[in-house]
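Trainee: I would like to learn how to read a structure like this one, feature by feature. Where should we start?

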Amino acid sequence: MDNEARLLLDDAIACCQRDGLDARLINMLASARALTLTEDALTIEAPSRFAYSYLVKQRDVIERYLSEIAFAQLALNVTVPEAPAGTPTSRTEAVPAAAEGAAEATATAGSTAPARHAGPLLADTREAADRKVNVTKTMSEADFRTMMERMKQDGGTGASAGPAAPAPAPAEPAAPSAAEDATEYPSVGVNSKFTFDNFVLGDENRHAYQSAARFAAFADEPGQCTSLFIYGNSGLGKTHLLFAIKNYLAAEKPYIRVKYANSQAYIDDYMRDLGAQRGPGEPIMREYRTADVLIIDDIQNIIGRQASIEFFFQLVDEFIRENKKIVIASDRAPKKLGMDERLTSRFNSGMLCLVSEPSFETKYRILKYYYENMICSATNVPASAGDLSILDGIALEEGKLTDDHLRHMAEISGNNIRELESFCERCAGLSFEKEQAGRELTATDIDAIADEYFDTAHKVVRVETIQSVVEEFYHVSHEDMIGRKRSKNIVFPRHVATYLVNSMCEMSLKAVGAAFGRDHTTVIHSIEKVETKMKEDARFKEEIQQLKNIILIKS
């Protein structure tokens with residue numbers, strides 16, 4: 001049984017190495033002595049009281065690995081080395097100051113371990129910390145300093161360095177294959193484009209962004225932010241936020257097991273596991289069940305597949321009952337997915353976030369960010385000589401897009417952010433071709449490209465649409481819009497609507513005036529009023545652009 005205890009401890013160390021956990025934890029586990037293994041618990045002896053306090057603090061992490069390896073819940077019991085034979089128990093020696101301070105700090109932190117582990121040893125450690133007594137020395141000062149220096153050199157990479165007082169070297173298990181490792185524990189670089197830092201904020205997505213960041217920050221805090229449900233139309237940034245959570249946890253909290261899957265991957269995994277030959281009692285979808293954080297994208301595609309959706313409901317219910325964390329993205333709200341009422345209620349009571357279609361200003365910021373940080377920066381990166389052979393004769397440069405270009409692109413573009421990025425690349429490429437020919441990119445050129453991407457280009461805008469949008473925006477009735485009232489709260493929206501009809505509809509001034517029951521001189525007055533205010537008030541200018549964007553969408 002002692003040999004089995006050692007093997008189990010070695011496997012736990014291998015799991016820590018696989019997931020890139022702190023080298024300090026790996027070193028201390030490697031230095032520990034496996035004592036006994038029972039049906040309920042693994043008992044190990046820490047190499048020192050300092051290590052004991054640290055391992056107690058990390059007990060939950062270690063127990064999670066033990067349970068994964070043993071396919072059953074296992075507790076971890078940690079003991080401290082007994083004093084050498086013949087040494088009076090009242091006799092103590094001071095350890096180095098750094099070690100003593102660390103021991104006090106870790107002993108205090110260790111006091112937060114679950115109550116079921118709070119045995120006499122943990123109580124003794126608390127009392128020792130409270131009384132500030134010296135701790136019995138279990139390694140020399142030189143050994144302690146050597147161990148700390150090696151931990152520093154490891155730099156948290158997860159490589160196991162030899163401890164100062166080595167135990168027998170743990171057996172090295174077979175390392176997971178590269179494909180397996182990439183699937184289960186991807187590095188941040190795999191989807192490094194999708195981070196919180198490069199997510200472009202707007203009023204339409206701010207709540208979802210803040211909720212996703214809060215979820216990631218509290219991912220290792222039981223009972224806090226247990227569920228996040230983000231919904232909205234395709235191409236608005238939901239997947240970006242899901243990957244941002246995943247990448248943040250991989251970089252900042254690698255000890256948290258994260259399982260990400262889109263709906264198709266989930267269905268494929270379910271069908272594969274369902275059809276596989278499994279042992280008695282062995283659960284399907286084990287990598288989903290053992291995760292600490294489960295992230296499922298496009299959950300609406302699972303609806304209608306009876307068997308897989310029932311299993312999904314069971315899985316979510318299991319996660320919620322076990323106080324684990326779950327993130328869901330969908331194109332509609334939970335109440336419209338036909339889920340079990342209990343799950344709908346739980347998601348509605350958690351963090352529920354709508355991502356709306358971007359406004360003109362948000363689209364402008366997205367285009368500006370993508371142009372400056374992706375397109376321009378990519379053209380400034382020199383390729384190595386070996387990479388140029390296949391690209392000889394191909395222009396790697398992109399043309400210049402001015403602020404006016406970007407604003408016009410935002411005004412006539414659709415709302416799918418993925419399409420916005422491709423649209424931006426096409427415009428920059430055409431701008432370069434124009435520059436090479438001694439010409440400049442024009443609004444007509446941009447319109448022609450937009451026509452290939454979006455339905456909003458070259459739309460016929462109707463007077464009634466403009467009036468309706470302005471009336472709704474400024475809370476004015478249609479009767480007042482075209483009537484004779486001249487109060488300020490009615491006249492100003494009328495000026496705006498008149499200006500927009502003149503600029504967006506191919507109509508004469510006389511025809512514009514007739515649409516509002518006015519003559520052409522009144523139309524000129526309205527246009528002058530709006531143009532003057534746009535020059536004086538940048539916020540009002542943005543408001544006009546926002547109205548144009550809404551009108552194009554509704555046309």
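**Reading the sheet**

Mentor: Start with one pair of residues: Phenylalanine 229 stands opposite isoleucine 328 in strand 7. Keep in mind that this is a predicted model.

Trainee: Which strands does that pairing belong to, and how many bridges join strand 4 to strand 7?

Mentor: The general idea is that strands of a sheet pair through backbone hydrogen bonds, in either a parallel or an antiparallel way. Here strand 4 (residues 227-231) and strand 7 (residues 325-330) run parallel and are joined by five bridges. Another pair to look for is isoleucine 230, whose bridge partner in strand 7 is alanine 329.

Trainee: What does strand 6 do in relation to strand 7?

Mentor: Strand 6 pairs with strand 7 in the parallel sense, over four bridges. Valine 293 stands opposite lysine 325 of strand 7.

Trainee: What is the order of the strands in the open sheet?

Mentor: The order is 5-6-7-4-8, five strands with parallel pairing. At the edges are strand 5 (258-262) and strand 8 (351-354), each of which pairs on one side only. From one strand to the next the twist averages 10°.

Trainee: Are the residues of strand 7 buried or exposed?

Mentor: A residue counts as buried when its relative accessible area is under 20%. In strand 7, six of the six residues are buried, so the strand is largely enclosed by the rest of the structure. Both of its faces are covered: Lys325, Val327 and Ala329 are buried on one side, and Ile326, Ile328 and Ser330 are buried on the other.

Trainee: Which helix lies across strand 5 and strand 6?

Mentor: That is helix 11 (residues 263-275), which runs at about 105° to strand 5.

Trainee: Let us turn to aromatic rings. How many aromatic pairs does a search of the whole structure find?

Mentor: The search finds 15 aromatic pairs. One of them is phenylalanine 196 with tyrosine 248, an edge-to-face pair at 6.3 Å centre to centre with 70° between the planes. This pair links distant parts of the chain, 52 residues apart: phenylalanine 196 is in the loop between helix 8 (178-184) and helix 9 (206-217), while tyrosine 248 is in helix 10 (residues 238-252). Phenylalanine 196 is buried at 12% relative accessible area, whereas tyrosine 248 is partly exposed at 29%.

Trainee: Why is the pair of tyrosine 266 and tyrosine 288 called edge-to-face?

Mentor: Planes over 60 degrees apart count as edge-to-face. The ring planes of tyrosine 266 and tyrosine 288 stand at 80°, with centres 5.8 Å apart, so the pair is edge-to-face. Here too distant parts of the chain are linked: tyrosine 266 is in helix 11 and tyrosine 288 in helix 12 (residues 286-289), 22 residues apart. Tyrosine 266 is buried, with a relative accessibility of 0%, and tyrosine 288 is buried at 0%.

Trainee: Which residues do ring pairs link into a cluster?

Mentor: The cluster holds Phe196, Phe199, Tyr209 and Tyr248.

Trainee: How should I read a polar side chain such as glutamine 300, and which residues does it touch?

Mentor: Look at its place, its cover and its neighbours. Glutamine 300 is in the loop between strand 6 and helix 13 (306-321). Its relative accessible area is 13%, so it counts as buried. Leaving out residues up to four places away in sequence, glutamine 300 touches Ala329, Ser330, Asp331, Arg332 and Leu337.

Trainee: And where is glutamine 467 found?

Mentor: Glutamine 467 is in helix 19 (residues 463-474). Glutamine 467 is buried, at 4% relative accessibility. With the same sequence neighbours left out, glutamine 467 touches His478, Ile482, Ala515 and Phe516.

Trainee: How many disulfides does the structure hold?

Mentor: A disulfide is a covalent bond between the sulfur atoms of two cysteines. The structure holds zero disulfides. Cysteine 353 is buried at 0% relative accessible area, and cysteine 505 is buried at 7%.

Trainee: How many of the ten residues of helix 16 are buried?

Mentor: Seven of the ten residues of helix 16 (residues 403-412) are buried, and the helix is mostly covered. Among them are His405, Leu406 and Ile412.

Trainee: What percentage of the chain's 555 residues count as buried?

Mentor: The figure is 46%. The chain has 24 helices and eight strands.

Conventions: Residues are numbered from 1 along each chain as its sequence is written. Side-chain values use heavy atoms; hydrogens and water are left out. Buried means under 20% relative accessible area, exposed over 50%, partly exposed in between (1.4 Å probe, protein chains only). Helices (H or I, at least four residues) and strands (E, at least two) are DSSP runs, numbered from the N terminus. A disulfide is a pair of cysteine sulfur atoms within 2.5 Å. Two strands pair if DSSP finds at least two bridges between them. Axes are lines fitted to C-alpha atoms, for helices over the stretch in contact, and angles run from 0 to 180 degrees between N-to-C directions. Contact means heavy atoms within 4.5 Å. Rings of Phe, Tyr and Trp (its six-membered ring) pair if their centres lie within 6.5 Å; planes under 30 degrees apart count as stacked, over 60 as edge-to-face and the rest as tilted.
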